[in-house]
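Reader: I should like a close look at a single part of this model, namely the pocket that offers the greatest volume. Please describe its lining and the element that contributes most to it, and then set it beside the rest of the interior.

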Amino acid sequence: MQKKKAIFFDIDGTIWDRNNYIPDSTIESIHRLRKNGHLTFICSGRTKAYIRNPKLLNIGFDGIVSGCGTMIEYHDETILYEKMDVDLTADTIRIARKYGCRPILEGRTYLYMDPDEFAEDRYGQKLIREMGDYLRTIQGEWGRWEISKLSCATDHADRENCFRELSPYYHFLIHNPYVVEMVPKGYDKGTGIRKVCEMLDMDLSDTIAFGDSANDIGMLQTAGIGVVMGNGSEDAKHAADYITTSLMEDGIKNACIHLGIL
């Protein structure tokens with residue numbers, strides 16, 4: 001009988017594309033993995049507030065590691081949640097803005113963004129459309145935020161000095177010249193996988209991680225096997241044990257077959 005695995009899936013660029021399209025082969029593969037006795041987890045940089053899409057959640061997962069390891073749920077029970085200190089959050093906002101960065105605060109119930117800072121920003125407009133009542137303003141909720149990480153738009157910003165001033169508190173996941181995730185030190189997707197393994201009394205060697213970008217490197221290096229999608233970034237591919245086909249070319253299904261778990 002095949003040994004049970006815990007399998008962790010990034011969302012963006014791995015489960016779905018930029019239009020939130022999920023290939024049928026991905027849905028069917030996750031269903032079959034669970035039927036075969038494996039445990040499946042979302043493992044996302046998104047915080048829980050931004051993991052609401054019914055089509056995604058209805059696939060059926062055993063748990064969710066969200067916010068780059070700052071929150072873990074297993075069978076709808078919260079196992080870990082690391083809330084950021086409000087004073088540190090306020091200082092971070094001020095420092096980020098001083099250097100021209102535009103912050104988005106990310107929590108388990110709400111995201112916080114000041115729309116005037118994102119009036120011409122495509123991603124900001126996407127958040128407004130998708131989050132609805134779960135998007136609050138930073139200024140309107142000043143001091144009442146409940147978050148575990150943040151992201152910043154960094155176009156036209158002095159990133160170097162901003163990162164230097166905030167480096168005692170965060171590590172920075174730089175996706176491109178325009179976007180950075182700021183994650184409290186001591187947390188990443190890999191720490192989330194370690195915590196899940198402790199909870200389940202499983203060996204890390206029995207874990208598989210699927211990802212595509214910079215914020216997946218922690219879990220790709222931590223898991224027993226790190227799989228990167230064919231559409232993934234070069235830095236993610238350098239951290240991979242196996243590179244599969246792209247998301248749209250049945251990448252998850254093909255990797256699962258290659259690894260002998262389907």
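Author: In this predicted model, helix H4 gives the most to the lining of the largest pocket, with six residues. The helix spans residues 122-131, and it is joined in the lining by strand E6 (102-106), strand E9 (149-153), strand E10 (170-176) and strand E11 (179-184), each of these elements supplying at least two residues.

The space in this largest pocket comes to about 1,500 Å³. Its lining comprises 46 residues, of which Asp-12, Tyr-123, His-175, Asn-176 and Val-179 are the closest to the centre. Sorted by class, the lining holds 18 charged residues, together with 14 polar and 14 nonpolar ones.

Helix H4 itself merits attention. Its residues Gly-124, Lys-126, Leu-127 and Met-131 are buried. Viewed down the axis of H4, the buried residues fall within an arc of 155 degrees, so they line one face of the helix. A general point of geometry applies here: an α-helix has 3.6 residues a turn, so residues three or four places apart point the same way. On the face of H4 turned away from the buried side are the exposed residues Arg-122 and Arg-129. The cover over the buried residues of H4 includes E6, strand E7 (111-112) and strand E8 (135-136). Strand E6 thus appears in two settings, as part of that cover and as a contributor to the pocket lining.

For comparison, the second largest pocket has a volume of about 180 Å³. Among the residues that line it are Lys-48, Leu-57, Phe-61, Asp-62 and Tyr-74. Strand E3 (63-66) and strand E4 (71-74) each supply at least two residues of that lining. By class, the lining of the second largest pocket has four charged, four nonpolar and two polar residues.

Phe-61, which lines the second largest pocket, also belongs to the largest nonpolar core, where Phe-61 is listed with Phe-9, Leu-56, Ile-59 and Phe-210 as having the most contacts inside the core. This core has 24 residues, and the elements giving it two or more are strand E1 (6-9), helix H1 (24-35), strand E12 (207-211) and helix H9 (251-258). Leu-56 illustrates the packing: leaving aside residues up to four places away in sequence, Leu-56 touches Ile-11, Ile-15, Trp-16, Ile-22, Ile-42, Ile-51 and Phe-61.

Terms used:
Residues are numbered from 1 along each chain as its sequence is written. This is a predicted model: local features need pLDDT of at least 70, side-chain atom pairs count only at pLDDT 80 or more; totals for chains, interfaces and linings use all residues. Side-chain values use heavy atoms; hydrogens and water are left out. On a 1 Å grid over the protein atoms alone, a cavity is a set of points where a 1.4 Å probe fits but cannot get out, and a pocket is an open set with protein on both sides within 12 Å along at least five of seven lines; lining residues have an atom within 4 Å of a point. Grid points are joined across faces, edges and corners, and a volume is the space filled by probe spheres set on the points. Helices (H or I, at least four residues) and strands (E, at least two) are DSSP runs, numbered from the N terminus. Ala, Val, Leu, Ile, Met, Phe, Trp, Tyr, Cys and Pro count as nonpolar, Asp, Glu, Lys and Arg as charged, and the others, Gly among them, as polar. A nonpolar core is a set of buried Ala, Val, Leu, Ile, Met, Phe, Trp, Tyr and Cys residues joined through side-chain atoms within 4.5 Å. Buried means under 20% relative accessible area, exposed over 50%, partly exposed in between (1.4 Å probe, protein chains only). Contact means heavy atoms within 4.5 Å. The arc is that of the directions from the helix axis to the C-beta atoms.
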